[in-house]
Amino acid sequence: MNHIYSVPLSELVEEFDLKPLYKSTDYDKIQITVDDVSRPGLQLAGFFDHYESMRLQVLGNVETSYLQKLSSEQRAIIFDHLLFYKIPALIIAQNLEAFPECLEMAKKHDITVLCSRESTSYIISSLTAFLNSYLAPRVTRHGVLVEIYGEGILIIGDSGIGKSEAAIELVKRGHRLVADDAVEIKKISSKKLTGSAPDVLRHYIELRGIGVINVAKLFGMGAVKDSAALDLIINIVPWHDGEVYDRLGLESQYTEILGVKVPSITVPVTPGRNLAVIFEVAAMNNRQKRMGYNAAVEFTEQLNRFFQQSSDHNIF
């Protein structure tokens, strides 16, 4: 089932310090559901085929200069057509003065008109980036998300296997907790995922036998982070004798989340294994692989050369 996410227009107004020139009667109920922002170009010339009325519309210096060359009657007709469609809001950039015809038609069609002191390109790019993150497809996964040496590591495994205990050890070693128990994962591009904690769980971690603690207050604000990229997934599993585990790391494993393949590894757990150190090494090794160096491949090539040389010596 596809969920449609939204952001209140009033939150955008506050976030980007927009000044309302006219508030529609449903201003407090307006929700933005698309992450694209448009500048009406052909629409000002009367072409409304393929007009995306669900998008925020931004008027900049180019559009204003064009409208200034028209008569008041022509501007009234254009704004009448432009605002006839139920767009979320019209934003006027660069503190440009709103045309009287614009405000008149905004009142007629009950469309919110806002003003920004920022440049047109800045307000469009900033709004798009904000909406891309806010409206991104998302899914919630059970696990712990920590940032280790700048790498976002999602630790998953059966309940009670030691995910939170490993996370608190990592926090003590100077790394940062992002989310415990429930991790909200967002797809912000075709190749990138980010994870964060639900608001109600942010900065909290549960340790069996102790209870719930606030990591930010116990270890300081440097021990937590609101969100992190998802760079590696570590699956903790109980050690079983006779089970075959990857010893070289030559085979690349991936876990697909929201259509994005994330590198993943499986770490078997036995009493006495220092998981925090293992996770630190895994994070650094994952960064090396992303930068083009793979120790497992180098080691294998070295072994092959050694055996090849040994074989050549035996021949002679």
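What follows looks at the nonpolar cores and salt bridges of this predicted model.

Start with the greasy parts. The largest nonpolar core takes in 28 residues, and Val146, Ile153, Ile155, Val215 and Phe279 have the most contacts inside it. Several elements chip in at least two residues each: strands S8 (138-148), S9 (151-157), S12 (204-207) and S15 (232-238), along with helices H6 (163-172), H7 (215-219) and H8 (275-290). Ile155 shows how these pieces meet: leaving aside residues up to four places away in sequence, its contacts include Val146, Leu170, Ile234 and Phe279. Another core, of 23 residues, lies apart from this one, with Leu44, Leu59, Phe79 and Ile87 among its members.

On the charged side, the count comes to 13 salt bridges. One of them pairs Asp36 with Arg55, with the closest N and O atoms 3.5 Å apart. Asp36 sits in the loop between strands S3 (31-32) and S4 (37-38), and Arg55 in the loop between S4 and strand S5 (56-59), so this pair ties together parts 19 residues apart in sequence. Asp36 is partly exposed, at 34% relative accessibility, and Arg55 is partly exposed too, at 24%.

Arg75 and Glu101 also form a salt bridge, at 3.3 Å from N to O. This one links helix H3 (72-84) to helix H4 (100-109), across 26 residues, and both partners are buried.

Glu151 and Arg287 pair up as well, their closest N and O atoms being 3.5 Å apart. Here strand S9 is joined to helix H8, with the two positions 136 residues apart in numbering. Glu151 is buried, at 1% relative accessibility, whereas Arg287 is partly exposed, at 34%. Finally, Glu147, Arg176 and Lys225 are linked in a salt-bridge network.

Key: Residues are numbered from 1 along each chain as its sequence is written. This is a predicted model: local features need pLDDT of at least 70, side-chain atom pairs count only at pLDDT 80 or more; totals for chains, interfaces and linings use all residues. Side-chain values use heavy atoms; hydrogens and water are left out. A nonpolar core is a set of buried Ala, Val, Leu, Ile, Met, Phe, Trp, Tyr and Cys residues joined through side-chain atoms within 4.5 Å. Buried means under 20% relative accessible area, exposed over 50%, partly exposed in between (1.4 Å probe, protein chains only). Helices (H or I, at least four residues) and strands (E, at least two) are DSSP runs, numbered from the N terminus. Contact means heavy atoms within 4.5 Å. A salt bridge is a side-chain nitrogen of Lys or Arg within 4 Å of a carboxyl oxygen of Asp or Glu.
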